[in-house]
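Thanks for sending this one over. Here are a few points to read alongside the coordinates, starting with the ligand and then moving to individual residues.

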Amino acid sequence: MTSDFVRFGVVGGGAWGTALAQLLAADGAPVRLWAREEEVVLAINTQHRNPLFLPDAPLAPSLTASSDLADLAGLDALLVVVPVPYLRAVLEGLPSDNSPLIFCSKGMEAESFAFPVDIARDAFPARPRAVLSGPTFAHEVAAGLPTAITLAADDLALAEALARALARPHFRPYASTDVIGAEIGGAVKNILAIACGIVDGARLGLNARAALISRGFAEMTRFGLARGAQAETLAGLAGLGDLVLTCTSSNSRNFALGQGLGRGQSAAELMADRRTVAEGAFSAPVVAAAARAEGIDMPITDAVAHLVAGDASVADAVQALLSRPLRREGA
Ligand SMILES: NC(=O)C1=CN([C@@H]2O[C@H](COP(=O)(O)OP(=O)(O)OC[C@H]3O[C@@H](n4cnc5c(N)ncnc54)[C@H](O)[C@@H]3O)[C@@H](O)[C@H]2O)C=CC1
Ligand SMILES: O=C(CO)COP(=O)(O)O
């Protein structure tokens, strides 16, 4: 069957944008990637590598890069992989086409409490929008290792068509219509990965990590259901699946940031001069504030927000979580 979506562009040349571009270009298909850094553009076009963000992955020659957003005009669909704090500004510079935008970033914008799809609705009200989210370390996808992921769009026919166009023998997108569920799963798991990293760095044990994963999942579910997400999505690839991946591996930048906090380093020290993002550090105060405003109990998210802001110690945060009144599970 032929696809309406053949010529893809990728907005964002970090690790995940580069890995997705490589996924689509590996069979020789032309893929255009926008990167902010001239150094990345030059290296992709001449050495077929991204030395700043995905240094170990050889890239296909059919993947070409540009630092001019205008070069993404006229393609069939764009994968948008810009960290959420910078997303609105980058979207403003995109050429105004009618092709679908597929959001692959995992976070919630400060002040507006907007997820990527909401930000795009402001910038491009008429453009079709989808979300791609799940347990997907960039270096594994770039290396062609088996991966499954959720692809959500309001319109099931669009989700299925995009899933078919992105699928590869080792890359299986599962179509869904639960856009908000896919976005909440990705944003909240990043915060919980920081929490699990803290437990690891502070040597609080594996029981504590398992407790955090399951109580964190309860928080994600409360927040998601209150905003109209479906429980199956939160228990699926974009929620629980990604939570398990990033809460158990220091390959996760969020988990690694937490490990540093757990060992006693300050957030400021850990974030200084870093080129890569740990989106959970941006999202924790935003999700904590949104939950507070809506009366949703999210104590782990709140603790991470305080630790990232540097206004609580790990010992204080653990004590605060352990001294909460006992309650019925599931309540
Ligand atoms: N790395 C991974 O394995 C995965 C990452 N993600 C998500 O993808 C999104 C992008 O992450 P990565 O590609 O890993 O990024 P990265 O951490 O590899 O690189 C940082 C990115 O931020 C961009 N950036 C920095 N300052 C900027 C600014 N002022 N304006 C615009 N862009 C700026 C850089 O150009 C670069 O593309 C995040 O939301 C992340 O949670 C999702 C799935 C997997
Ligand atoms: O989202 C990811 C894997 O699904 C990557 O997680 P980190 O951003 O924590 O590295």
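**Notes on the ligand shell and the annotated sites**

1. The shell around ligand 1 is made up of 13 nonpolar, eight polar and four charged residues. Please keep in mind that this is a predicted model. In total, 25 residues surround ligand 1, and the closest are Gly14, Trp16, Tyr86, Ser105 and Thr276. Two elements, α1 (15-25) and α3 (84-92), each give two or more residues to this shell.

2. Where does ligand 1 lie relative to domain 1 and domain 2? Domain 1 (8-177) and domain 2 (182-323) both give residues to the shell, so ligand 1 lies between them.

3. On the C-terminal side, UniProt lists residues 178-319 as "domain: Glycerol-3-phosphate dehydrogenase NAD-dependent C-terminal", in an unreviewed entry. Over residues 178-319 the chain is 75% helix and 0% strand. The end C-alpha atoms of that stretch are 36 Å apart.

4. Glycine 17 belongs to helix α1, one of the elements named above for the shell around ligand 1. Is glycine 17 buried or exposed? It has 26 other C-beta atoms within 10 Å, and the cut-off for buried is 20 or more, so glycine 17 is buried. Leaving aside neighbours within four places in sequence, its contacts are Val10, Gly12, Leu33 and Val81. You may also like to check the pair glycine 17 and phenylalanine 53: they are 36 residues apart in sequence, and their C-alpha atoms are 9.6 Å apart in space.

5. The same unreviewed kind of record gives a "binding site" feature: UniProt places it at Lys106, Gly134, Thr136, Lys189, Asp242, Ser252, Arg253 and Asn254. Two of these positions, Lys106 and Asp242, are taken up below.

6. Lysine 106 sits in the loop between β5 (101-103) and α4 (116-123). Although in a loop, lysine 106 is buried, because 30 other C-beta atoms lie within 10 Å. Not counting residues within four places in sequence, lysine 106 is in contact with Ser133, Gly186, Ala187, Asn190 and Glu279.

7. Aspartate 242 is part of helix α10 (residues 237-246). With 27 C-beta neighbours inside 10 Å, aspartate 242 also counts as buried. Beyond residues up to four places away in sequence, aspartate 242 touches Gly134, Pro135, Gly185, Gly186, Lys189 and Leu237. Among these, Gly134 and Lys189 are themselves listed in the UniProt "binding site" feature. Gly186 is a contact of both aspartate 242 and lysine 106, which links the two annotated positions through a shared neighbour.

Note on methods
Residues numbered from 1 in each chain as written. Chains lettered and ligands numbered in written order. Predicted model: local features only at pLDDT ≥ 70, side-chain atom pairs only at ≥ 80, totals over all residues. UniProt positions renumbered as here; feature names shortened; annotations may be inferred. Helix = DSSP H or I, 4+ residues; strand = E, 2+ residues; numbered from the N terminus. Buried ≥ 20, exposed ≤ 12 C-beta atoms within 10 Å, placed from the backbone. Contact = placed C-beta atoms within 7 Å. Near = placed C-beta within 6 Å. Nonpolar A, V, L, I, M, F, W, Y, C, P; charged D, E, K, R; others polar. Domains from an automatic or database assignment.
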